[in-house]
Amino acid sequence: MHIDIVPNRKATPTILLRESYREGKNVKKRTLANLSSLPMAQIEAIRAVLRGEELRPVAQSFEITESRPQGHVQAVALMMQRLGFASLIASRPAPERDLIVAMVAARILAPHTKLATTRWWHTTTLAEDFGVTQASENDCYAAMDWLLARQDRIQKKLATRHLTEGGLVLYDLSSSYFEGSTCPLAKRGYSRDGKHGTLQVEYGLMTDGRGCPVAISVHEGNVADPTTLMPEIQRLKTDFSIEQFVMVGDRGMNLASAIGAIREQEGIDWITALRGVSIRALVEDKTLQPDLFDERHLLELSHPDYPGERLFACRNPELRKLRGHKREDLLVATEESLRKIQIRVAAGRLTGRDHIGLKVGQIVNRYKMAKHFTLDIQDTAFSFTRKTADIAAEAALDGIYIIRTSVPTTLMDAATCVRRYKSLAQVERAFRSLKTLDLKIRPIHHRLADRVKAHIFLCMLAYYVEWHMRAAWRELMFTDEDQEAKETRDPVAPAQRSRAAKRKASQHRQDDGTPMHSFQTLLADLATVVRNTCRVPHTDGEWSTFPVLTIPNAAQKRAYELIETTPM
């Protein structure tokens with residue numbers, strides 16, 4: 001018996017179950033049944049039975065012995081391939097290179113300690129795909145030592161890729177608190193984490209004008225910004241062979257020693273901002289008059305204290321309102337607390353100038369409002385009043401900031417200078433990702449100074465890959481895709497998102513109904529693509545196991561496609 005499929009012109013073919021027989025020398029066919037009404041799956045099953053094949057339920061044909069997430073690992077691996085990341089670490093294959101690449105991928109997907117990482121990556125396909133299935137935490141530490149010895153060469157490659165002669169270089173300093181007390185880098189200093197009184201390390205991040213990381217340096221926890229700046233400038237000139245560039249740094253650069261040292265360097269221009277005390281000095285000598293902002297919000301100034309420089313005074317109306325509301329809230333909160341002390345003093349429950357002063361000091365220090373109050377403390381009396389003139393003088397400066405630069409007008413106009421200073425937000429975004437959102441550089445547990453440096457450099461390399469992944473996935477995330485608008489919009493006014501970005505934020509879906517994602521939820525969605533290890537029951541041979549991959553949905557396929565096609 002066999003199955004015949006008989007064409008029926010433009011109609012559905014007729015499917016017949018037939019039997020062949022012989023009459024004399026002739027072979028004829030006898031139709032036993034018309035199977036046209038059956039689904040094709042059943043027809044194929046009948047055909048398989050006629051061929052003598054043994055049929056059984058799919059669940060009995062093979063069994064799944066292991067199921068591991070694979071899709072998010074594949075996404076990171078694709079981006080690393082696109083970036084030539086392995087050759088960036090080392091031009092020749094090496095076990096240490098494989099480990100570093102795997103550790104960078106693991107830092108993006110699930111940042112853990114090195115011991116926890118060697119446990120975690122076996123729960124996914126990462127260890128198998130990156131060839132580190134036998135690696136231990138000690139192997140990871142050895143690879144970190146190997147990486148630190150190659151840091152200068154790797155950063156030179158990154159600088160060659162992303163820094164250009166005469167281009168923009170962003171630099172900023174941050175810190176992270178430290179677990180333990182034996183590392184020589186761990187010192188008490190100004191904590192940018194708000195962990196006052198704890199040991200910390202500091203690190204300076206250098207990026208190109210887009211915020212793509214190029215180099216990172218690690219310092220003791222009590223180092224000031226200007227101290228770290230000049231070595232970075234020397235590195236740009238000597239190690240990276242960039243003779244002309246514009247260095248952009250925050251107000252921490254704006255110290256006489258730092259600016260003076262930069263001026264001695266040939267080919268270097270800079271953009272930074274004045275501190276509040278310097279702005280008040282310009283107001284007091286009438287160089288800057290707040291009423292000039294009534295018709296415009298960007299003014300160009302000059303002053304003999306800043307020879308050969310350009311000053312741009314900006315006033316952000318939204319920032320002005322925010323600071324005014326915040327100050328008033330703090331003033332009111334301070335007054336309410338001081339009145340409680342006043343009532344206790346009047347009732348005789350709190351006496352003595354020292355005791356009253358201690359309580360008052362706790363209040364004004366809590367709200368940082370001591371400069372705005374006149375305090376009269378006696379042994380049995382206490383009163384306070386606002387310094388209205390001082391408050392009004394400070395309020396006049398709300399929302400005002402001044403950009404200071406050595407870049408000549410022929411190279412950069414006022415609006416562009418302000419935009420370039422504001423591009424430091426890209427470095428701040430990098431610090432947020434490194435410290436909290438994704439890569440979790442802190443807390444730092446390593447005891448040796450070189451291990452701390454290697455750990456922070458490893459995190460920077462992870463952010464380098466993540467930065468490109470985020471750029472490729474703008475379409476799938478809440479990120480504003482209209483990046484070119486940054487170069488044309490008002491540099492002082494509050495940033496406005498594009499209409500498409502607002503639609504993403506309100507609808508939480510793309511036009512085709514696909515959900516919008518953050519970076520982490522997109523990775524989690526890709527992790528639902530798994531690799532199942534299957535085996536045929538009752539077999540122990542070499543071919544008894546085989547992989548079966550989950551078929552990606554349309555959104556997951558698009559994520560892979562964007563990584564492979566988005567320009568770098």
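# Exercises on helix packing, sheets and cores

The axes of helix α3 (residues 71-83) and helix α21 (residues 554-565) come within 9 Å of each other and cross at roughly 10°. The model used in these exercises is predicted, so local features are taken at pLDDT of at least 70 and side-chain atom pairs at pLDDT 80 or more, whereas totals for chains, interfaces and linings use all residues. Residues are numbered from 1 along each chain as its sequence is written, and side-chain values use heavy atoms, with hydrogens and water left out.

## Exercise 1

Describe how α3 and α21 are oriented, and list the residues through which they meet.

Step one is the angle, which is taken between N-to-C directions on a scale from 0 to 180 degrees, with axes fitted as lines to C-alpha atoms, for helices over the stretch in contact. Angles under 35 degrees count as roughly parallel, over 145 as roughly antiparallel, 65 to 115 as roughly perpendicular and the rest as oblique. The crossing at roughly 10° therefore makes α3 roughly parallel to α21.

Step two is the contact, meaning heavy atoms within 4.5 Å. From α3 come G71, Q74, A75, L78, M79 and R82, and they meet Y560, I563, E564 and T565 of α21. Sorted by class, this contact has five nonpolar, three polar and two charged residues; here Ala, Val, Leu, Ile, Met, Phe, Trp, Tyr, Cys and Pro count as nonpolar, Asp, Glu, Lys and Arg as charged, and the others, Gly among them, as polar.

## Exercise 2

Follow the pairing of β1, β2 and β3, and locate the positive phi angles in the two hairpins.

Helices (H or I, at least four residues) and strands (E, at least two) are DSSP runs numbered from the N terminus, and two strands pair if DSSP finds at least two bridges between them. Strand β1 (residues 2-8) runs antiparallel to β2 and is joined to β2 by six bridges, with I15 in β2 as the bridge partner of I5. Two residues lie between these strands in their hairpin, and R9 in the turn has a positive phi of about 50°.

Moving along the chain, eight bridges join β2 (residues 11-23) to β3 (residues 26-34), and these two strands also run antiparallel. L17 has A33 in β3 as its bridge partner. The hairpin of β2 and β3 has two residues between the strands, and G24 takes a positive phi near 65° there.

## Exercise 3

Which strands stand at the edges of the eight-stranded open sheet, and why does one side of each lack a neighbour in the sheet?

The strand order is β7-β6-β5-β8-β9-β14-β11-β10, with mixed pairing. β7 (213-220) and β10 (298-301) stand at the edges, and because each has a single partner strand, one side of each is left without a neighbour in the sheet. Neighbouring strands are turned by 20° against each other on average, direction ignored.

At the β10 edge, four bridges join β10 to β11 (residues 310-315), and the two run antiparallel; F312 in β11 is the bridge partner of E300. Helix α9 (residues 151-162) packs on the sheet, where α9 touches β6 (200-208) and β7, and the direction of α9 makes about 140° with that of β7.

## Exercise 4

Describe the largest nonpolar core, and place W473, H468 and R451 in their surroundings.

A nonpolar core is a set of buried Ala, Val, Leu, Ile, Met, Phe, Trp, Tyr and Cys residues joined through side-chain atoms within 4.5 Å. Buried means under 20% relative accessible area, exposed over 50% and partly exposed in between, with a 1.4 Å probe and protein chains only. The largest core has 122 residues, of which F85, V104, W121, L126, F130, M469 and W473 touch the most other members. Helix α18 (residues 449-472) gives the most to this core, with 16 residues.

Leaving aside neighbours within four places in sequence, W473 is in contact with A75, F519, L522, L523, L526, A559, L562 and I563.

H468 lies in α18 and counts as buried at 4% relative accessibility. Residues up to four places away in sequence not being counted, H468 touches M79, L83, H162, C212 and M568.

R451 also has its place in α18, and with a relative accessible area of 19% R451 is buried. With the sequence neighbours up to four places away again not counted, R451 touches Y141, M144, D145 and H446.
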